[in-house]
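This report describes charge pairing, cysteines and backbone geometry in the structure shown below. The terms are explained where they are first needed.

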Amino acid sequence: MFSSTASSSSDVPTYDFEENAHKWKKVFTASIEKMLVHVHPSLNAKDDALDYLEGLMLRLLAALCAPPAPHTVQEVEERVLCIFPNPINRWAIGDAQAAVEKTKKKSPLMLPSERIHPLLKDALQSKIDMQVTVYTLAIIEYISVDILRLAGIYVKDINSEEVTMSDIRTAMCADQ
């Protein structure tokens, strides 16, 4: 589900996130842990939860970068509007726009945009503006934080202190 296999009229090969998963392995893990501490300081995450959420983040990245590759913030925004329901899409877009504005001073993201930007350039096989990377990552971070917030509430409700993959799945399914 990581792959983007639609072919264009010029038959340019598309980037397969699943095939290149080794390049992305653990890129998001430390940031996921920071996000969890941010929303639920008293909780920890098991490795299966970290791996599962990283996989979800990569699937979202693949969807946002599917052919034709986005080259502007507006193109990413259009995809967000198509992928997510209201009001989540509007909230994510608001956070992403704020992140791009704040990036002019210092990156407000927990995700490592400086590390991911070259990987994304390679994935899209073209130049990509750092603002597009920051915007895309801000969307992914917003959704990830929301997932961790929901999972943390669920874990606290069941009197546990550790988030598992099963907890994330349950919390996502239970959320309307």
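Helices (H or I, at least four residues) and strands (E, at least two) are taken as DSSP runs and numbered from the N terminus. The model is predicted, and local features need pLDDT of at least 70, side-chain atom pairs count only at pLDDT 80 or more, while totals for chains, interfaces and linings use all residues. Residues are numbered from 1 along each chain as its sequence is written, and side-chain values use heavy atoms, with hydrogens and water left out.

**Backbone geometry**

Most residues other than glycine have a negative phi, and most peptide bonds are trans. Pro87, placed in the loop between α4 and α5 (88-103), follows a cis peptide bond from Asn86, with omega near -5 degrees. Another cis peptide bond joins Pro67 and Pro68, where omega is about -5 degrees, and Pro68 lies in the loop between α3 and α4 (73-83).

Positive phi values are found at Lys26, near 70 degrees, and at Asn159, near 60 degrees. Asn159 sits in the loop between α7 (130-157) and β2 (162-163). Accessibility is classed as buried under 20% relative accessible area, exposed over 50% and partly exposed in between, with a 1.4 Å probe and protein chains only. Asn159 is exposed because its relative accessible area is 72%.

**Salt bridges**

Side chains of opposite charge can pair when their charged atoms come close. The structure holds four salt bridges, a salt bridge being a side-chain nitrogen of Lys or Arg within 4 Å of a carboxyl oxygen of Asp or Glu. The table gives some of them, including two that involve Asp51.

| Pair | Closest N to O |
|---|---|
| Lys23 and Asp122 | 3.2 Å |
| Lys25 and Asp51 | 3.9 Å |
| Lys26 and Asp51 | 3.0 Å |

For the pair of Lys26 and Asp51, with 3.0 Å from N to O, the former lies in the loop between α1 and α2 and the latter in helix α3, so the contact ties together parts that are 25 residues apart in sequence. Lys26 is partly exposed, with a relative accessible area of 39%. Shared partners join Lys25, Lys26 and Asp51 into one network of salt bridges. Within this network, Asp51 is partly exposed at 32% relative accessibility, and Lys25 is also partly exposed, at 44%.

The salt bridge between Lys23 and Asp122, at 3.2 Å, links helix α1 (residues 21-24) with helix α6 (residues 113-124), so parts that are 99 residues apart in sequence are tied together. Lys23 is partly exposed at 35% relative accessibility, and Asp122 is partly exposed at 37%.

**Cysteines**

How many disulfides does the structure hold? The structure holds zero, a disulfide being a pair of cysteine sulfur atoms within 2.5 Å. Cys65 is in no disulfide, and the nearest cysteine sulfur, that of Cys82, is 15 Å away. Seen from Cys82, the closest cysteine sulfur is in Cys65, and 15 Å is too far for a bond. Are these two cysteines buried or exposed? Cys65 counts as buried because its relative accessibility is 6%, whereas Cys82 is exposed, with a relative accessible area of 70%.
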